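Subject: Structure for you to look at

Hello,

Here is the structure I said I would pass on. My notes on it follow below.

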Amino acid sequence: MPEIVTLHVPFRIVKRGGRKEMQMPEGATQPRRTDSTLVKALARAFRWKRMLGSGEFASIAELAEHEGIAPSYMTRVLRLTLLAPDIVEAILDGRKGPNVTLARMLEPFPLDWWEQRAARA
C-alpha cells in the first residue's frame, strides 16, 4: 500500500461578493455553507423582537440606543422576522441560494410568504 495518495479534484476559484469561492464541476455536490453574517442577523432580529415583545424595551428607538445602533438599521434587521419559516430554515441550513445575502435581505421584500418564495426563486 503506497504511503502517498494523490487526489485530483477539478475546481475553479471564482469571486463572489468580494470573497473567493471554489466552484465544483457541474454535477458535483457542493457542501452546504451557512452565511454566518446572515445567521447572526436573524438571531439578533428574533432576540430584539423577543425583547420588544416582552416589554423589556418600550420602543425600537430605546432598544437601538441600548444596543448602540441606528434605529433605521434595527428596523431593517427586525424585518427578517417576517420571512417565511421555510426561507429562515433554508438560511440556517445553508440551503439558501447564492443571491440570498444580508444586504439583499435588508432591502424591502414582500410580506406575503408566497411572494417571498417567488422572489427568492
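Ile13 has Met22 of S2 as its bridge partner. This is a predicted model, and what follows should be read with that in mind. The strands concerned are S1 (residues 12-16) and S2 (residues 19-23), which pair in the antiparallel sense over five bridges. Lys15 stands opposite Lys20 in S2. Two residues lie between the strands of this hairpin, and Gly17 takes a positive phi near 65° there.

Next, the nonpolar core. The largest one has 23 residues, and those with the most contacts inside it are Trp48, Leu80, Leu83 and Ile91. Five helices are listed as giving two or more residues to this core: H1 (36-53), H2 (60-67), H3 (71-78), H4 (85-93) and H5 (102-105). H1 supplies the largest share, six residues. As a general point, nonpolar side chains tend to be buried together in soluble globular proteins.

Three residues give a view of the packing. What does Leu80 touch, leaving aside its neighbours within four places in sequence? Leu80 is in contact with Ala41, Leu42, Ala45, Phe46, Leu102, Met105, Leu106 and Phe109.

Leu42 belongs to helix H1. With a relative accessible area of 3%, Leu42 is buried. Not counting residues up to four places away in sequence, Leu42 touches Leu80, Leu83, Val88, Ile91 and Leu92. For a distance along the model, the C-alpha atoms of Leu42 and Phe57 are separated by 19 Å, with the two residues 15 apart along the chain.

Val77 is placed in helix H3. Is Val77 buried or exposed? Val77 is buried, at a relative accessible area of 1%. Residues up to four places away in sequence not counted, Val77 touches Ala41, Ala45, Trp48 and Leu106. Between the C-alpha atoms of Val77 and Leu38, which are 39 residues apart along the chain, the separation is 10.0 Å.

Then the charged side chains. Side chains of opposite charge can pair when their charged atoms come close. How many salt bridges does the structure hold? The structure holds four.

One of the four salt bridges joins Arg47 and Glu67, with the closest N and O atoms 2.9 Å apart. Arg47 lies in helix H1 and Glu67 in helix H2, so this pair ties together parts that are 20 residues apart in sequence. Arg47 is partly exposed, with a relative accessible area of 31%. Glu67 also counts as partly exposed, at 21% relative accessibility; the cut-off for buried is under 20%, so Glu67 falls outside that class.

Asp86 forms a salt bridge with Arg117, and the closest N and O atoms are 2.9 Å apart. This pair links distant parts of the chain, with Asp86 in helix H4 and Arg117 in helix H6 (residues 113-120), 31 residues apart. Asp86 is partly exposed, with a relative accessible area of 34%. Arg117 counts as partly exposed at 26% relative accessibility.

Arg117 has a further partner to check when you open the model. Which ring does Arg117 lie over? Arg117 lies over the face of Trp114, at 4.8 Å from the ring centre. As for aromatic pairs, a search of the whole structure finds zero.

Glu89 forms a salt bridge with Arg95, where the closest N and O atoms are 3.6 Å apart. Glu89 counts as partly exposed at 47% relative accessibility. Arg95 is partly exposed, with a relative accessible area of 37%. These two residues are not on their own: Glu89, Asp93 and Arg95 are linked in a network of salt bridges.

To put the main points in brief:

- Strands S1 and S2 pair in the antiparallel sense over five bridges.
- The largest nonpolar core has 23 residues, and the largest share of this core comes from H1.
- Of the salt bridges, Arg47 with Glu67 joins helix H1 to helix H2, and Asp86 with Arg117 joins helix H4 to helix H6.
- Glu89, Asp93 and Arg95 form a network of salt bridges.

Regards

Note on methods: Residues are numbered from 1 along each chain as its sequence is written. This is a predicted model: local features need pLDDT of at least 70, side-chain atom pairs count only at pLDDT 80 or more; totals for chains, interfaces and linings use all residues. Side-chain values use heavy atoms; hydrogens and water are left out. Rings of Phe, Tyr and Trp (its six-membered ring) pair if their centres lie within 6.5 Å; planes under 30 degrees apart count as stacked, over 60 as edge-to-face and the rest as tilted. A charge sits over a ring if NZ of Lys or CZ of Arg is within 6 Å of the ring centre and within 35 degrees of the ring normal. A nonpolar core is a set of buried Ala, Val, Leu, Ile, Met, Phe, Trp, Tyr and Cys residues joined through side-chain atoms within 4.5 Å. Buried means under 20% relative accessible area, exposed over 50%, partly exposed in between (1.4 Å probe, protein chains only). Helices (H or I, at least four residues) and strands (E, at least two) are DSSP runs, numbered from the N terminus. Contact means heavy atoms within 4.5 Å. Two strands pair if DSSP finds at least two bridges between them. A salt bridge is a side-chain nitrogen of Lys or Arg within 4 Å of a carboxyl oxygen of Asp or Glu.
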